[in-house]
Structures are given as structure tokens and as C-alpha cells.
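This report introduces a protein model to a reader who has not met it before. The text moves from the backbone to the helices and then to the ligand.

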Amino acid sequence: MLERSDLAENALQALHDEDYDRPFNTQSLNADTLIFTKGRHGQSLDGDWNFCVDLLDTGLRQKWFAMTPEAPEDRIEPWDYDPYMGETVPVPSCWQMQKEKWYFFEGSAWYTRPLEHNPMPGRRQVLRIGAAQYDCKVFLNGAFLGNHYGGSTPFCVELTEALRPGQNWLMLCVNNTRTLDRVPMRNTDWFNYGGVYREVTLFDLPEVVIRDLFVRLEGGAIRISAEVDGDCTTARFSIPELGIEADLPLQDGKGEITLAASPALWSPDTPKLYDVILTAGADQVQDRVGFRAITREGTEILLNGAPIFLRGISVHEDDATLGKVSSEADIRRRFAHAKELGCNFLRLAHYPHHERAAEIADEMGLMLWEEVPVYWAIDFANPATRRDAENQLRELIRRDRNRASVIIWSVGNENPDTDARLDFMRGLAEIAKAEDPTRLTSAACLVNHAKLKIEDRLAQHIDVIGLNEYYGWYEENFDELGEIGRNSAPDRPVVISETGADGDSTDQGPKRGLFSLAYQDEVYAKQIETLRGLDYVKGMSPWILYDFRVERRQGIFQRGWNRKGLIAADKATKKPAFQRLAAYYGERAAIERRKAETLGETE
Ligand code: GCB
């Protein structure tokens with residue numbers, strides 16, 4: 001902790017130092033410091049935290065994190081922030097949703113809370129933050145413990161050494177400023193929320209800690225990879241329902257085994273999950289895992305060897321009152337609406353969604369496309385940007401690779417066709433395969449508008465070509481869509497990852513023309529008519545389930561919202577296009593059922 005005289009000294013120096021944040025931008029909290037937490041019970045640190053917005057980064061300059069708690073009447077120096085008292089906000093939350101004056105705030109904000117600690121020999125304490133948008137620096141009792149980049153993936157930090165008996169002070173500095181080198185960059189079509197908006201948990205762990213567990217069906221057998229920290233040479237793996245019990249030998253903390261087994265396969269119709277348990281030393285984790293194979297062959301996508309059509313819908317994490325916070329109820333409502341639409345698939349755009357989403361999709365039998373925010377004009381030539389994107393992808397995959405529902409890792413969306421982009425995104429696709437060879441990769445690719453044809457150099461490096469097309473909306477000549485369809489002969493499956501039109505369902509919405517509900521419905525009708533004839537299109541996830549908040553949409557029918565939702569922002573009012581898509585998906589599902597029946601008869 002700083003002495004008082006240091007504080008004064010420090011305040012002065014801080015006025016002249018523009019390199020003040022350099023020591024804190026270490027990116028030391030990353031995929032390699034994550035700890036597997038499924039099946040663990042931690043102490044929730046959710047609830048009220050002291051809070052202060054800090055536009056000028058005064059806190060980092062003056063080292064607010066190092067101030068010794070002191071009653072105001074005992075202080076001999078003026079403080080510019082009171083970390084230990086004063087205003088609070090709930091965690092998780094987005095500050096934009098807490099006070100109107102913070103609605104457009106972009107910058108640093110400080111979160112502080114006390115932490116009681118009762119030291120026990122041989123125990124380790126690890127803090128896990130579900131997500132903080134975008135850069136989060138962690139301090140404990142004045143010591144800087146590391147920082148994390150990336151607004152939608154979890155990160156862990158070990159507190160053991162820095163904790164002291166009794167009361168401790170935990171401080172987070174969270175910064176949501178949009179900059180050129182971030183992922184995403186400065187310009188997005190979703191709202192730049194800020195804050196600690198997912199759960200914060202403290203885990204009390206033994207000395208030997210299971211860092212990672214990856215369980216999947218690979219080549220018809222069950223394959224298990226584990227990583228363990230600490231002195232341990234063998235872990236024990238089991239799936240009680242399958243009668244599986246096996247030793248997993250570890251070398252330098254890592255081990256892999258393959259076990260012959262015939263589990264019931266997971267599918268949307270039979271979303272069967274098994275409890276899996278890994279024990280290492282005194283540590284144990286548990287997960288619920290489904291086994292299935294997702295592959296591609298020519299232009300087909302195969303689930304457990306059978307061709308499927310992805311009846312999907314795209315969805316953001318956005319809520320009129322909660323912002324980017326996703327409650328369990330919100331995720332369940334999202335999926336219930338998708339089911340009502342006839343979906344078997346959702347595109348979780350454009351960043352990793354709350355981890356409960358994939359767990360719930362596992363149980364409900366929905367397939368998912370998960371994605372990192374490599375969106376539009378990323379600074380592809382910048383190595384720091386690449387490091388950040390690669391880390392976000394690794395964190396997402398390590399978080400969710402035990403989820404049978406996740407069938408696609410997407411490495412980006414609508415990025416300009418440059419050499420730097422190709423190198424960057426090909427690299428991401430390779431990382432996805434290295435981290436997880438059991439899923440398909442994709443990205444929203446490009447169309448050559450001169451040749452009217454799907455053409456993207458990235459396509460040969462991914463499994464599924466995602467295509468965002470807005471014929472009837474941004475592209476007015478609808479006939480071109482059919483032409484693109486006819487001119488293209490992709491060698492792999494295409495999924496229409498976006499299509500749609502705005503429809504303003506409020507009282508101010510127009511009765512006809514652009515932004516009317518009737519026009520939105522008409523676009524869906526024409527899209528369905530054109531796409532249904534394209535054999536290589538193996539799925540679609542139109543844009544989007546709900547209207548969502550965004551700064552860049554300020555037209556008279558938008559007023560701060562992207563209104564391409566099939567359901568309005570109240571998450572209740574369905575627009576006519578909802579029924580239009582539901583009717584088409586009903587028809588497709590019937591075709592799929594008939595196909596499956598004939599296949600069953602001939603087998
Ligand atoms: C797109 C983007 C998506 C936008 C959407 C739109 O192509 O991928 O993020 O929100 O179009 O509404 O313009």
C-alpha cells in the first residue's frame with residue numbers, strides 16, 4: 001500500500017506521465033490461465049460493488065488501487081475517488097443500464113469490494129470473471145495481478161499469494177473504449193456496452209488443480225484430454241452410465257486417452273447427455289457431455305453421418321433493460337422462441353455468448369454456431385490485434401468444446417478481402433482445428449459483385465461458407481441473388497448466415513415501404529423463394545430474432561435500434577415475417593422427416 005506522502009508524490013507525477021497504462025497492459029490473463037470450472041462450487045462475488053467512472057484514467061495515473069482504506073475524517077490528503085464507500089452498482093450489469101448519464105460512457109470504470117479470507121494450508125484461491133467488456137485489470141490489496149483483453153470470454157486469476165488473512169480489497173478497472181487495435185475494432189453494428197456483465201466467482205481449490213478437460217467423440221471412440229496443475233501423475237476418468245472408469249496418465253501435467261464405447265448419440269431429436277467425472281489428487285470436476293459427429297462431405301453437412309439442413313436464426317445478447325447481461329430466463333426465452341420458429345440451429349452472433357447458452361442448447365437439442373468478434377475492418381496487420389483475436393478464440397473453444405450443441409466455430413464476419421485478412425483468418429481457422437478437430441469452421445464470407453458469384457479466398461480454409469446477403473434491403477436488385485446462386489458452384493456447404501430487413505413494429509412504424517412490417521415480410525417471402533432452389537445452401541440463420549440496441553442506427557424508424565428482429569425489442573411482439581419463416585421451416589422439417597423415414601426403411 002502507498003504511504004500518504006507517496007500518494008501526493010504520485011498525484012503530481014501522474015499529471016505528466018502519458019505512459020501510465022503501459023505496465024498494466026500485459027494480457028497476462030488469457031487462455032493459458034483459464035481453469036476448468038464445470039461441476040465446481042465457488043463463492044459468488046456477485047452483488048453490489050463500489051463503482052466510479054473514470055474518463056481520464058485518473059485511477060491508473062494516481063494509483064487509486066493502492067490507497068489504504070481510511071475514514072474520510074482521518075484523511076490528511078484529498079482523494080479523487082473513494083473506492084471503499086460511496087456509489088455502488090450490481091455485478092453483473094452494464095453501466096449504461098444503471099444511469100442515463102452513463103449511457104454513452106466509454107472509458108475506464110472502477111469496481112471495488114471487500115473479500116474476507118480465512119487461510120487454510122494447502123488451498124489455492126482462483127478468481128473467475130465470466131466476462132468484462134473489454135479490458136479488465138485486476139488488483140488485490142494494491143497489487144496488480146494481471147489484465148485481460150476481450151469482452152466476452154471468461155478469465156481466471158490466482159489470488160493465493162496476494163491474499164492476506166481477514167479483510168482484503170479487490171479492485172477491477174474495466175475499460176470499454178473502442179480502439180483501432182481491438183477485436184472488434186471501433187465500428188460495430190451492436191451497442192458498445194461496458195462493465196462486469198457476467199458472474200464473478202471465487203474458487204477455493206486444492207494444490208493439485210484440474211485446468212482443462214476435453215471430452216468428445218473422435219473417430220467413433222471417446223477421446224479425453226486433460227491438463228492438471230501440480231504434482232500428479234495419474235488422473236481418473238469416469239462415465240458411470242457407460243460403465244467407463246479409466247486411468248489417465250499425465251506427463252508434464254498433460255494426458256490423453258481414447259476409449260472404445262458406444263454411447264447413445266446426441267442429436268436435436270435425442271439430446272442425450274452423460275455425466276463425466278475427472279479426479280486428480282484431491283481435485284474433481286464434472287461435466288454433462290453429449291457425443292455426436294459433425295462432418296462435411298461435398299456440399300453436405302452431416303450429423304452422425306446423416307445430411308442435415310440448419311433451420312436457424314441469428315441472435316445477439318441484448319436486452320432493453322439489462323443490456324448485454326443474459327439471465328437464465330432470457331436465454332431460455334430466446335431458445336423457446338427459436339423452437340417456436342421451427343429452428344434446430346442458432347447463430348450466436350457476433351461474439352461468445354453466455355456459457356449457459358450452450359449448456360441449455362445441449363439439453364434442448366439445438367445446434368449452435370459460435371463466433372469471435374473478428375468483425376468488419378479489424379487491424380489485420382497488427383500482431384497485438386492478432387494475439388488478442390487468437391486468444392479470444394482459444395478461450396471460447398476451451399470454454400465450450402465439451403458442448404455437443406456447438407457444431408461450428410466461426411472466425412469472423414464480413415471482413416475486407418486483403419492479404420493480411422486472409423493470413424489472419426486462415427490462422428484463426430487453423431487454431432480452431434488445433435484446439436478442436438471435431439467441429440466445423442466457418443466465417444461470413446464475401447461475394448464478388450462484379451462476377452455475381454460467391455468468391456472468397458478464405459473459403460478453401462474453412463468448412464462451411466457463411467454468406468450474409470441482404471437482397472431486398474441493402475441490395476435492391478433482387479434478381480442478382482438468383483444469379484449469384486446460379487453462377488456459384490461451391491465445393492463445400494453454404495449457410496446463409498444473414499439475410500433480412502428492418503420492420504418497425506412501434507406506433508411510429510410506416511404502413512408500407514422500407515421499415516414497414518409488410519415490406520419486411522415481403523423480403524422474407526422472396527428470399528425463401530429464391531434460396532429454396534439452391535442445393536448447396538445447407539442452412540440459414542436470418543438476421544435476427546429480436547430488435548437490438550445500437551448507436552449507429554438513428555433514422556426516424558430506428559431511433560437507436562436495429563429493427564431487423566422477427567420479434568420486437570419487448571421480446572414478445574412478433575412481426576408477420578416470424579410466421580413466414582416458421583411456415584418455411586415447418587415445410588423443411590417435414591421434408592427432413594420424410595427423408596429420414598425413407599432412409600430408415602431402406603436400411
Ligand atoms: C450485417 C452484419 C450485422 C448487421 C447487419 C445489418 O451484415 O453482419 O452485424 O447488424 O448486417 O443489420 O445491417
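In which loop is glutamine 27 found? Glutamine 27 is located in the loop between α1 (4-14) and β1 (43-44). Its backbone deserves a remark: although glutamine 27 is not a glycine, it has a positive phi of about 50 degrees. The model under discussion is predicted.

**Backbone: cis peptide bonds**

Two further loops contain a residue that follows a cis peptide bond. In the loop between β10 (166-175) and β11 (195-196) lies proline 184. The peptide bond that leads from valine 183 to proline 184 is cis, and its omega is near 10 degrees. Histidine 350 belongs to the loop between β24 (345-348) and α4 (355-364). Here the cis bond runs from alanine 349 to histidine 350, with omega near -20 degrees. Histidine 350 returns below, since it is also listed among the closest residues to the ligand.

**Helix pairs**

Two packed helices are described by the angle between their axes and the distance between the axes. Helix α3 (residues 328-340) and α4 have axes that come within 10 Å and cross at roughly 45 degrees. The two helices α3 and α4 are therefore oblique to each other, and their crossing is right-handed.

A second pair is formed by helix α5 (residues 383-400) and helix α6 (residues 419-435), whose axes come within 10 Å and cross at roughly 25 degrees. Angles under 35 degrees count as roughly parallel, so α5 is roughly parallel to α6. The crossing of α5 and α6 is right-handed.

**The ligand and its surroundings**

The ligand is surrounded by 14 residues, of which the closest are Asp189, His350, Tyr375, Glu414 and Tyr474. Sorted by class, this shell holds five nonpolar, four polar and five charged residues. The table below gives distances from a polar side-chain atom of a residue to an oxygen atom of the ligand.

| Residue | Partner | Distance |
|---|---|---|
| Tyrosine 474 | oxygen atom of the ligand | 2.4 Å |
| Glutamate 498 | oxygen atom of the ligand | 2.7 Å |
| Tryptophan 543 | oxygen atom of the ligand | 3.0 Å |

How much of the ligand's accessible area does the protein cover? On its own the ligand has 320 Å² of accessible area, and the protein covers 97% of it. Tyrosine 474 thus appears twice in this account: it is listed among the closest residues, and its side chain places a polar atom 2.4 Å from an oxygen atom of the ligand.

Definitions and conventions. Residues numbered from 1 in each chain as written. Predicted model: local features only at pLDDT ≥ 70, side-chain atom pairs only at ≥ 80, totals over all residues. Heavy atoms only, no water. Near = heavy atom within 4 Å. Polar contact = N/O pair within 3.5 Å; in protein donor to acceptor, adjacent residues only side chain to side chain. Areas by Shrake-Rupley, 256 points an atom, 1.4 Å probe, with all protein chains shown as cover. Nonpolar A, V, L, I, M, F, W, Y, C, P; charged D, E, K, R; others polar. Axes fitted to C-alpha atoms, helices over the stretch in contact; angles between N-to-C directions. Helix = DSSP H or I, 4+ residues; strand = E, 2+ residues; numbered from the N terminus. Parallel < 35°, antiparallel > 145°, perpendicular 65-115°, else oblique. Left-handed = near helix turned anticlockwise from the far one by under 90°.
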